[in-house]
Amino acid sequence: MSEERERHAALPMLADFESASELRAWRVEGGAEIARTVGQATSGQAALQVTLATGQRPAVLLTDPPPDWSGYTVLRADAVLFGEAPMPLTVKLTDRIAWRDPAERFRTTFELQPGLNELELHLTE
């Protein structure tokens with residue numbers, strides 16, 4: 001089974017980073033860097049560590065997301081922010097349906113606080 005099919009078969013879990021091969025499903029832009037880390041996970045043993053460059057528009061993208069999100073109402077993610085200052089995090093979801101119809105795109109911004117942030121995106125809003 002291809003890695004893409006394995007990821008889609010694991011739905012509703014998009015990624016848990018327990019396997020180092022999962023990093024191949026992600027792409028970075030704007031000076032962002034990603035790495036798999038062990039010990040910072042809120043579920044399982046591994047997590048994705050993202051380092052952002054200052055002064056640029058960094059982005060981390062799932063390269064082959066599920067083709068249709070219409071069966072889902074909530075996306076949950078945990079984010080740990082190191083440091084002492086809050087930071088905005090914009091999340092944009094664009095599946096294959098949204099590429100054809102921009103009105104179907106989902107975008108929201110969270111204000112991350114230092115420490116653990118439990119993010120919940122209501123996809124029906």
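Student: Happy to start with one residue: in which strand is the place of Val80?

Tutor: Val80 has its place in a numbered strand of this predicted model. Strand 5 covers residues 74-81, and Val80 belongs to strand 5.

Student: Is Val80 buried, partly exposed or exposed?

Tutor: Good one to reason through. Buried means under 20% relative accessible area and exposed means over 50%, with partly exposed in between. Val80 has a relative accessible area of 34%, so Val80 is partly exposed.

Student: Which residues make a nonpolar surface patch of about 300 Å²?

Tutor: To join such a patch, a residue needs over 30% relative accessible area. Val80, at 34%, is one that passes. The patch of about 300 Å² is made by Val80, Phe82 and Leu116.

Student: Let's turn to charges. How many salt bridges does a search of the whole structure find?

Tutor: Side chains of opposite charge can pair when their charged atoms come close. One pair here is Arg27 with Glu29, and another is Arg76 with Glu120. The search of the whole structure finds two.

Student: How far apart are the closest N and O atoms of Arg27 and Glu29?

Tutor: The cut-off for a salt bridge is 4 Å between the nitrogen and the oxygen. Arg27 is partly exposed at 40% relative accessibility, and Glu29 is partly exposed too, at 36%. Their closest N and O atoms are apart by 2.7 Å.

Student: And which residue forms a salt bridge with Arg76?

Tutor: The closest N and O atoms of this pair are 2.9 Å apart. Arg76 is exposed, with a relative accessible area of 59%, while its partner is partly exposed at 35%. That partner is Glu120.

Student: How many residues apart are Arg76 and Glu120?

Tutor: Arg76 and Glu120 form a salt bridge. The pair links distant parts of the chain, with Arg76 in strand 5 and Glu120 in strand 8 (residues 115-122). Their separation along the chain is 44 residues.

Student: Stepping back, what pattern does the protein follow along the sequence?

Tutor: Start with the parts: there are two helices and eight strands. Read along the sequence, they follow the pattern α-β-β-β-β-β-β-α-β-β.

Student: Of the contacts with a separation of 6 or more, what percentage comes from residues 24 or more positions apart?

Tutor: The Arg76 and Glu120 pair, 44 residues apart, shows one link between distant parts of the chain. For the protein, residues 24 or more positions apart account for a share of the contacts with a separation of 6 or more, and that share is 56%.

Technical notes. Residues are numbered from 1 along each chain as its sequence is written. This is a predicted model: local features need pLDDT of at least 70, side-chain atom pairs count only at pLDDT 80 or more; totals for chains, interfaces and linings use all residues. Side-chain values use heavy atoms; hydrogens and water are left out. Helices (H or I, at least four residues) and strands (E, at least two) are DSSP runs, numbered from the N terminus. Contact means heavy atoms within 4.5 Å. A salt bridge is a side-chain nitrogen of Lys or Arg within 4 Å of a carboxyl oxygen of Asp or Glu. Buried means under 20% relative accessible area, exposed over 50%, partly exposed in between (1.4 Å probe, protein chains only). Patches are made of residues with over 30% relative accessible area and no salt bridge: like charges are joined within 9 Å, nonpolar side chains (Val, Leu, Ile, Met, Phe, Trp, Tyr) within 5 Å. Accessible areas come from the Shrake-Rupley method with a 1.4 Å probe; for residues, only the protein chains shown count as cover.
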